[in-house]
Amino acid sequence: LKPESAPTNKALPGVKGMKYKFSNKQLNEHVGNSMVVFKLKNEGTATASSTPFVVDGWTAGAPGSDYARIATVKVVTDVVDQIREVADPFLGEPNTVEQRNALAALISKRLSYLKEQGEVLHYEFEINATIQQVILGECSIALTLVAPQELRKITTVVALRAAA
């Protein structure tokens, strides 16, 4: 899956069945407790699936944490990996303002590409190096991301009336 795509409602290819089957009430309870659970779709109908689907994608992050959703974790991990890739050629080079500006240009280009692809909605970053960091051969990248939020629930409102 793309980093911004959650496992929610995705099939588990190659899996042909499940040992346990939960009722909708049990599924809701498990999901409410931040557990990843699976189900067969449309059981008991002609269109029933034999492949399990992910009900919801959680992580072990604390309730209310920015990292409770797996799609958010995947986006952050991918962005950090991409920044590492862009920054790698700068390791071992002089720790100068010019080098940090060149690094900033490459990071900006990569983040702009990720934004165009829909992996991030917005980003801000800055590269800093204190005098002590320069002496130690270090710099810091402060990065702020806005990750896309997955659609997790669709509510249908139905109204009845006496006649047309």
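Student: What percentage of the 164 residues in the chain is made up of buried residues?

Tutor: This is a predicted model, in which local features need pLDDT of at least 70 and side-chain atom pairs count only at pLDDT 80 or more, while totals for chains, interfaces and linings use all residues. Residues are numbered from 1 along each chain as its sequence is written, and side-chain values use heavy atoms, with hydrogens and water left out. Buried means under 20% relative accessible area, exposed over 50%, and partly exposed in between, with a 1.4 Å probe and protein chains only. By that criterion, the buried share of the 164 residues in the chain is 24%.

Student: In what order do the elements of the chain run from the N terminus on?

Tutor: Helices (H or I, at least four residues) and strands (E, at least two) are DSSP runs, numbered from the N terminus. The chain has four helices and four strands. Read from the N terminus on, their order is α-β-β-α-α-β-α-β.

Student: Why is the chain described as more spread out than a compact globule, and what is its radius of gyration?

Tutor: The radius of gyration is taken over C-alpha atoms, and the globule rule is 2.2 Å times the number of residues to the power 0.38. For 164 residues that rule gives 15 Å, and the chain is well over this value, so it is more spread out than a compact globule. Along its principal axes, the C-alpha trace spans about 75 × 45 × 25 Å. The radius of gyration of the chain is 23 Å.

Student: Which residue forms a salt bridge with Asp81?

Tutor: A salt bridge is a side-chain nitrogen of Lys or Arg within 4 Å of a carboxyl oxygen of Asp or Glu, and the structure holds three of them. Asp81 lies in helix 2, which covers residues 70-87, and counts as partly exposed at 39% relative accessibility. Its partner also lies in helix 2, three residues apart, about one turn of the helix, and is exposed with a relative accessible area of 57%. With the closest N and O atoms 3.7 Å apart, that partner is Arg84.

Student: Which residue of helix 2 is paired with Arg110 of helix 3?

Tutor: The closest N and O atoms of this salt bridge are 3.4 Å apart. Arg110 lies in helix 3 (residues 97-116) and its partner in helix 2, so the pair ties together parts that are 25 residues apart in sequence. Arg110 is partly exposed, with a relative accessible area of 22%, whereas the partner is exposed at 52%. The residue in question is Glu85.

Student: Is Gln82 buried or exposed, and with which residues is it in contact, leaving aside its neighbours within four places in sequence?

Tutor: Gln82 has its place in helix 2, and its relative accessible area of 17% makes it buried. Contact means heavy atoms within 4.5 Å. Leaving aside the neighbours within four places in sequence, the contacts of Gln82 are Arg110 and Leu114.

Student: Which residue does Arg69 meet in a salt bridge?

Tutor: Arg69 and its partner are both buried. The two residues, 13 apart, are each placed in the loop between strand 2 (52-54) and helix 2. At 2.6 Å from N to O, the side chain that Arg69 meets is that of Asp56.
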